[in-house]
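Biologist: I'm new to this one and would like to learn how to read it. Could you walk me through it, feature by feature?

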Amino acid sequence: MDSAPNASSTDPQSMVMTPVDVLAQAPPAVPDRVAPVAKRLLQTEGAHLIAFTFAPGQSMPEHQAAHPITVQCLSGQLTFTVGDQTVSLEPGVVIHVPARLRHEVECPPATSGPSVLLLTMLPGHATPHNAHER
């Protein structure tokens with residue numbers, strides 16, 4: 001995963017907003033891979049933004065995050081599954097997932113073109129090294 005800007009200063013004099021154009025910075029899909037391509041876009045004390053670009057048919061098998069997360073599809077179509085419940089992720093749909101809840105993501109093979117997922121990790125003040133685990 002590529003490195004991202006680190007905006008972790010808590011000094012009010014040095015705080016600035018950090019705009020991120022996720023679709024412009026998302027990595028290109030690599031169709032011959034099994035898994036999507038990921039790129040860390042921002043790492044701050046309160047949130048980490050990671051863009052995943054899926055080619056049709058790619059998936060992230062069941063895994064869990066050490067922190068609460070939100071996921072949202074910014075382009076294309078994805079399915080998000082927890083247990084026996086599956087939600088169709090299309091642009092405009094956001095899902096909140098508590099820490100350690102096992103989930104999986106898939107880009108259906110019939111999807112036309114790549115799909116971009118924005119993962120926002122909400123680590124609070126503790127940031128373990130490997131926060132998104134299998």
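Biologist: Let's begin with disulfides. How many does the structure hold?

Modeller: A disulfide is a covalent bond between the sulfur atoms of two cysteines. The cut-off here is a pair of cysteine sulfur atoms within 2.5 Å. By that test the structure holds 0 disulfides. Keep in mind that this is a predicted model, where local features need pLDDT of at least 70, side-chain atom pairs count only at pLDDT 80 or more, and totals for chains, interfaces and linings use all residues. Residues are numbered from 1 along each chain as its sequence is written, and side-chain values use heavy atoms, with hydrogens and water left out.

Biologist: Why is there no bond at Cys73?

Modeller: Because the closest cysteine sulfur, in Cys107, is 8.1 Å from the sulfur of Cys73, and that is too far for a bond.

Biologist: Are Cys73 and Cys107 buried or exposed?

Modeller: Here's the scale: buried means under 20% relative accessible area, exposed means over 50%, and partly exposed is in between (1.4 Å probe, protein chains only). Cys73 counts as buried because its relative accessibility is 1%. Cys107 is buried too, with a relative accessible area of 0%.

Biologist: Now salt bridges. How many does the structure hold?

Modeller: What we look for is a side-chain nitrogen of Lys or Arg within 4 Å of a carboxyl oxygen of Asp or Glu. The structure holds 1 salt bridge. Its partners are Glu62 and Arg102, whose closest N and O atoms are 3.1 Å apart. Glu62 lies in strand E3 and Arg102 in the loop between E7 and E8, so the pair ties together parts that are 40 residues apart in sequence. Glu62 is partly exposed at 39% relative accessible area, and Arg102 is partly exposed at 34%.

Biologist: What do labels such as E3 stand for?

Modeller: They're DSSP runs, numbered from the N terminus: helices (H or I) have at least four residues and strands (E) at least two.

Biologist: And how do I read strand pairing? Which strands form the open sheet?

Modeller: Strands of a sheet pair through backbone hydrogen bonds, either parallel or antiparallel. We say two strands pair if DSSP finds at least two bridges between them. Here 5 strands form an open sheet in the order E1-E2-E9-E4-E7, with antiparallel pairing. Its edge strands are E1 (37–43) and E7 (94–97), each pairing on one side only. From one strand to the next, the twist averages 20°; for such angles, axes are lines fitted to C-alpha atoms, for helices over the stretch in contact, and angles run from 0 to 180 degrees between N-to-C directions.

Biologist: Can you show me one pair from that order?

Modeller: Sure. E1 and E2 (residues 48–54) pair in the antiparallel sense over 6 bridges. Lys39 stands opposite Ala51 in E2.

Biologist: What about E8? Which strands does E8 pair with?

Modeller: Strand E3 (residues 59–65) pairs with E8 in the antiparallel sense over 3 bridges, and Ser59 stands opposite Glu106. Strand E5 (residues 78–82) also pairs with E8 in the antiparallel sense, over 3 bridges. There, Phe80 has Val105 as its bridge partner. E8 itself (residues 103–106) has a covered face, His103 and Val105, and an uncovered face, Glu104 and Glu106.

Biologist: Let's try contacts. Which residues does Thr79 touch?

Modeller: Contact means heavy atoms within 4.5 Å. Leaving out residues up to four places away in sequence, Thr79 touches Thr86, Val87, Glu104, Val105, Glu106 and Pro108. Thr79 sits in strand E5 and is buried, with a relative accessible area of 17%.

Biologist: And where is Thr70 found?

Modeller: Thr70 is in strand E4 (residues 69–75). At 17% relative accessibility, Thr70 counts as buried. Not counting residues up to four places away in sequence, its contacts include Val94, Ile95 and His96.

Biologist: Last one: backbone angles. Which phi does Arg100 have?

Modeller: Most residues other than glycine have a negative phi, and most peptide bonds are trans. Arg100 has a positive phi of about 65°, although it is not a glycine. Arg100 lies in the loop between E7 and E8 and counts as partly exposed, at 45% relative accessibility.
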